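Trainee: I am new to this structure and would like a close look at one part of it. Could you take me through the aromatic pair and what surrounds it?

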Amino acid sequence: VQLQASGGGSVQPGESLKLSCECSGDVYAVDRMAWYRRAPGNQRELVASVSLYGIATYGDSVKGRFTASRDNAKSAVYLQMNNLKPEDTAVYYCNADLRDSGLVRHDVWGQGTQVTVSS
């Protein structure tokens, strides 16, 4: 099972980016999906979490600016990031709590995608 993230890049403050992450491989069901980030010198931080039913929760620093969503048919999670700030600069990782066809539970991480916000 793999998670493939995409959509990172370099933007100016106030601009937007959308990250995508899709599961592939032996995936039977995907429960919680989430986005984390790690800035240089900082610990990993939860950005947003989306339940199986699409209910999203957010870290305080991104509330009102970021929107997380998912497409269960594609086993995918998305992160729409608006009004980006320099402090949003980080490597963003997607994470999924899923089960394979043998109903074995896995905690899977994507490879990370760089987001840089700078003028």
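Mentor: What follows starts with the chain as a whole and then turns to the aromatic pair and the strands that carry it. Please keep in mind throughout that this is a predicted model, so every value below is computed from predicted atoms.

The chain has zero helices and eleven strands, and reading along the sequence therefore gives the pattern β-β-β-β-β-β-β-β-β-β-β. Its C-alpha atoms fill a box of roughly 50 × 25 × 20 Å along the principal axes, while the radius of gyration is 14 Å, in agreement with the value near 14 Å that a compact globule of 119 residues would have. Of those 119 residues, 39% are buried, and of the contacts in the chain with a separation of 6 or more, 53% are made by residues 24 or more positions apart.

Now to the part you asked about. When the whole structure is searched, one aromatic pair is found. It is made by Y36 and W109, whose ring centres lie 5.0 Å apart with 50 degrees between the planes, an arrangement classed as tilted. The two partners come from distant parts of the chain, since Y36 belongs to strand β4 (residues 29-38) and W109 to strand β10, with 73 residues separating them.

The two rings can also be described by their exposure. Y36 has a relative accessible area of 15% and counts as buried, because this value falls under the 20% cut-off. W109, with a relative accessible area of 30%, is partly exposed, because its value lies between the 20% and 50% cut-offs.

Y36 has a further neighbour, for R44 lies over the face of its ring, at 5.4 Å from the ring centre. Elsewhere in the chain, the charged end of K18 sits over the ring of Y78, 5.0 Å from the centre of that ring.

From W109 we can follow strand β10 to the strand it pairs with. Strand β9 (residues 90-99) and strand β10 (residues 105-109) pair in the antiparallel sense over five bridges, and in this pairing L98 has H106 as its bridge partner in β10. The two strands form a hairpin with five residues between them, and in the turn L103 has a positive phi of about 65 degrees.

Seen from the outside, the chain has an accessible surface of about 6,300 Å², of which 46% belongs to carbon and sulfur atoms.

Notes: Residues are numbered from 1 along each chain as its sequence is written. This is a predicted model: local features need pLDDT of at least 70, side-chain atom pairs count only at pLDDT 80 or more; totals for chains, interfaces and linings use all residues. Side-chain values use heavy atoms; hydrogens and water are left out. Two strands pair if DSSP finds at least two bridges between them. Helices (H or I, at least four residues) and strands (E, at least two) are DSSP runs, numbered from the N terminus. Rings of Phe, Tyr and Trp (its six-membered ring) pair if their centres lie within 6.5 Å; planes under 30 degrees apart count as stacked, over 60 as edge-to-face and the rest as tilted. Buried means under 20% relative accessible area, exposed over 50%, partly exposed in between (1.4 Å probe, protein chains only). A charge sits over a ring if NZ of Lys or CZ of Arg is within 6 Å of the ring centre and within 35 degrees of the ring normal. The radius of gyration is taken over C-alpha atoms; the globule rule is 2.2 Å times the number of residues to the power 0.38. Contact means heavy atoms within 4.5 Å. Accessible areas come from the Shrake-Rupley method with a 1.4 Å probe; for residues, only the protein chains shown count as cover.
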